[in-house]
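User: Hey, could you take a close look at one part of this protein for me? I'd like to hear about the second largest pocket and what lines it.

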Amino acid sequence: MTTTTTTRASGDSFEYELASFIDFRDAKECARVRAIPRAEITKHANPDFRIGVIDDAQEFYEAFATDLVDRIVAARDAGRQFTAILPCGPVPQYAIAAERINRERISLDHVHTFNMDEYADEEGRTAPYEWAGSFQRAMFDNFFLRIDEELRPRPENIHFPSDANVNSFSAMLSDRGGADVCFGGIGWGGHIAFWESHLGHEFAGDFEAYRSAGSRIVELHPMTIMQNALHSFSSDWSSVPPRAATIGPADILGARERSFWLDGDLGGGHTWQRFIARLVAHGPVNEFVPGSLLQLAPTRYTMLGAVADDVVIDMA
């Protein structure tokens, strides 16, 4: 385990402490990964942690869709069941995957899906399907309902975490032998699913207990509230619920493979994901940057070109 130390950030002659809500406090490590140029970003000491960059957005989402559908087809051809952990976002790949499934008449009868997370209110009650911001609704609108009815997974094989099942959601996954693959992205504060950076504090340095943690209801980090307001709620932070049901590190590491896709580009030279993509992939593995756990296991880690670009200060 890597212990995080408090250090001061430096901007030439101007030094300062990191903001108090930031859980990873090692400013020297932040500076080191910040300086990794795009030309070096795909290099990693772990050959099973495979970093890629795709510049074109359409090509990026097509590659994500191909990865998903190819795995489904391979399982079908091998005569075995297929279990995937799915994120609600990124989203565009789902329409591409659904189009191919329909065109090639690929039955998903052997497919079992477990979504990563779902929003919840302050009491931990998860959002209903009818709410416009529900991940469950988004998954059906963007993926499942786009697939011809006769090709869709069986209803009983589509799973979402909720206040009713969150305490057993990890067990539901492990009862299937874990996922064949965990798809996902990375949050602004380094979360995977809604497993947030501040959760690391409760484990008191017990990294094995941290790695073994499963599904639960969590409080969302301020950075997550702002990130999700930015890309899903027209920048309205008052619309983002305060809590969520989520899978945990045990579920993500328990999958046989991980396939993560980082598309956090806003256009016009602005991206919220450029720094955290580096800290997750090249920073120390620790409990305050949850995504750093991906470095420990076979993972495909693909960035949109704008996310891979150099981290610079630009006041334009």
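Analyst:
**The second largest pocket**

Four elements, β6 (117-120), α4 (135-142), α7 (222-232) and β12 (265-267), each bring at least two residues to the lining of the second largest pocket. Out of those, α7 is the top giver, with four residues. Keep in mind that you're looking at a predicted model.

So how much space are we talking about? The second largest pocket has a volume of about 750 Å³. Its lining is made of 35 residues, and the ones closest to the centre are Cys88, Gly89, Pro90, His231 and Ser232. If you want to find the spot in the 3D view, try clicking on those.

Now for the chemistry of the walls. The lining of the second largest pocket splits into 19 nonpolar, 13 polar and three charged residues.

It helps to set this beside the largest pocket, which has a volume of about 1100 Å³. That one is lined by 36 residues, with Arg34, Trp188, Phe275, Ile276 and Val311 closest to its centre. There, α1 gives the most, with five residues. By class, the lining of the largest pocket has 21 nonpolar, eight polar and seven charged residues.

Finally, there's a closed-off space too: the structure holds one cavity of 30 Å³ or more, and its volume is about 40 Å³. Among the residues lining this cavity are Leu68, Phe82 and Thr113. β4 supplies the largest share of that lining, three residues, and the lining as a whole counts eight nonpolar, one polar and no charged residues.

Methods: Residues are numbered from 1 along each chain as its sequence is written. This is a predicted model: local features need pLDDT of at least 70, side-chain atom pairs count only at pLDDT 80 or more; totals for chains, interfaces and linings use all residues. Side-chain values use heavy atoms; hydrogens and water are left out. On a 1 Å grid over the protein atoms alone, a cavity is a set of points where a 1.4 Å probe fits but cannot get out, and a pocket is an open set with protein on both sides within 12 Å along at least five of seven lines; lining residues have an atom within 4 Å of a point. Grid points are joined across faces, edges and corners, and a volume is the space filled by probe spheres set on the points. Ala, Val, Leu, Ile, Met, Phe, Trp, Tyr, Cys and Pro count as nonpolar, Asp, Glu, Lys and Arg as charged, and the others, Gly among them, as polar.
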